[in-house]
Amino acid sequence: MSGKMLSKGDRRREQIMNLLKRQGKITIQDIIDKFACSEATARRDLDLLEKQGGLIRSLGGAQLDTPSPSAGREVPFNEKKELLWLEKEAIAAKAASLVEEGDVIGLSGGTTTFLIARELKLRRGITVVTNAVNIAMELSESDGIQVVLTGGVMRRNSFELCGPLAEKIVDSVNIGMMFLGVDGVTEEQGLTTFSEQEADIARLMLKRSRRTLAVFDHTKVGRTSLFSIAPLTAVQGCITNQPADGKLKRYLEEQGIALHLAEPAAPVL
């Protein structure tokens, strides 16, 4: 659209795409409220943008459609594991350093929590409660770790077990320290993820834990995914690989939420 005068509709649709790039999703009502247009116009704009590519229509709105891990779509585990591997390893090492013999640890699904499990493999006297099949398999040959795997229906994108059976098991255990993987972190929306089922089981694991730490790389900061897990005030700490931006850092300090920064990996000479 550059190089020519934009129409009012073109400018509105450009602004809609800019909003989608920032927040990953948008509703029809958001468009009506932000751009003072009719519902029919909002729906027509989304239809036109979908035809141009870059978004996926959903019930009542749209989500960004992009292969970028920083955008608003769910990336399967096998794609995620190739992204920011060294940063996630550093976060995992920091998380594992907080674990002591005798601890009962909770691990939600995700690439960072998978790497925490890998860090813990050679430890002894630890119990790990998880709803992620791949994490349980990673720990299956460890003599020093007792693994409690929930039942449930497996989601292929994340290998997480969800649903009533998983929730029933989680509701009967007591977790000391929970490491919670998330897809988005903001002060306003808190901790979010792409899957409603995963949000439900994560919320219950958090409830059954004495202490919870959210683990996430810097690309998750400022992002809001579709489903809320909990407000930031529900956790006692966050572990990430870069200092939080000023706004988030101030919020964490005001709420007494500890911020643990992972040490960067040493360069390979």
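## Cores, pocket and a glycine in strand 9

The largest nonpolar core has 29 residues, and those with the most contacts inside it are Leu180, Val182, Leu191, Ile229, Leu232, Val235 and Cys238. At least two residues of this core come from each of helix 8 (164-170), strand 9 (175-181), helix 9 (196-207), strand 13 (227-230) and helix 10 (246-255), and helix 9 gives the most, with six residues. In soluble globular proteins, nonpolar side chains tend to be buried together. The model described here is predicted.

Isoleucine 229 serves as an example from this core. Once its neighbours within four places in sequence are left aside, isoleucine 229 is in contact with Leu180, Val182, Leu191, Thr192, Thr193, Ala199, Ala202 and Arg203. A second, separate core holds 25 residues, including Val99, Val128, Ile135 and Met177.

The table gives values for the chain as a whole.

| Property of the chain | Value |
|---|---|
| Secondary structure | 10 helices and 15 strands |
| Buried residues | 48% of the 269 residues |
| Contacts joining residues at least 24 apart, among contacts between residues at least 6 apart in sequence | 60% |
| Exposed area | about 13600 Å² |
| Part of the exposed area supplied by carbon and sulfur atoms | 50% |

Helix 6 (residues 111-120) is largely enclosed by the rest of the structure, because eight of its 10 residues are buried. The buried residues of helix 6 are Thr111, Thr112, Thr113, Phe114, Leu115, Ile116, Ala117 and Leu120.

One of these residues, Thr113, also appears among the contacts of glycine 181, which, with neighbours within four places in sequence left aside, are Ser108, Gly109, Thr113 and Val215. Is glycine 181 buried or partly exposed? Glycine 181, which is found in strand 9, has a relative accessible area of 21%, and because buried means under 20%, glycine 181 is classed as partly exposed. The C-alpha atoms of glycine 181 and aspartate 217 are separated by 9.7 Å, although these residues lie 36 apart along the chain.

Turning to the pocket, about 250 Å³ of space lies in the largest pocket of the model. The largest pocket is lined by 13 residues, and those nearest its centre are Gln23, Lys25, Thr186, Gln189 and Thr224. Sorted by class, the lining of the largest pocket comprises one nonpolar, eight polar and four charged residues.

Note on methods. Residues numbered from 1 in each chain as written. Predicted model: local features only at pLDDT ≥ 70, side-chain atom pairs only at ≥ 80, totals over all residues. Heavy atoms only, no water. Helix = DSSP H or I, 4+ residues; strand = E, 2+ residues; numbered from the N terminus. Buried < 20%, exposed > 50% of the residue type's maximum accessible area, 1.4 Å probe, protein only. Contact = heavy atoms within 4.5 Å. Areas by Shrake-Rupley, 256 points an atom, 1.4 Å probe, with all protein chains shown as cover. 1 Å grid on protein atoms, 1.4 Å probe; cavity = no way out; pocket = protein on both sides within 12 Å on 5 of 7 lines; lining within 4 Å. Points joined across faces, edges and corners; volume = space filled by probe spheres on them. Nonpolar A, V, L, I, M, F, W, Y, C, P; charged D, E, K, R; others polar. Core = buried A, V, L, I, M, F, W, Y, C linked by side-chain atoms within 4.5 Å.
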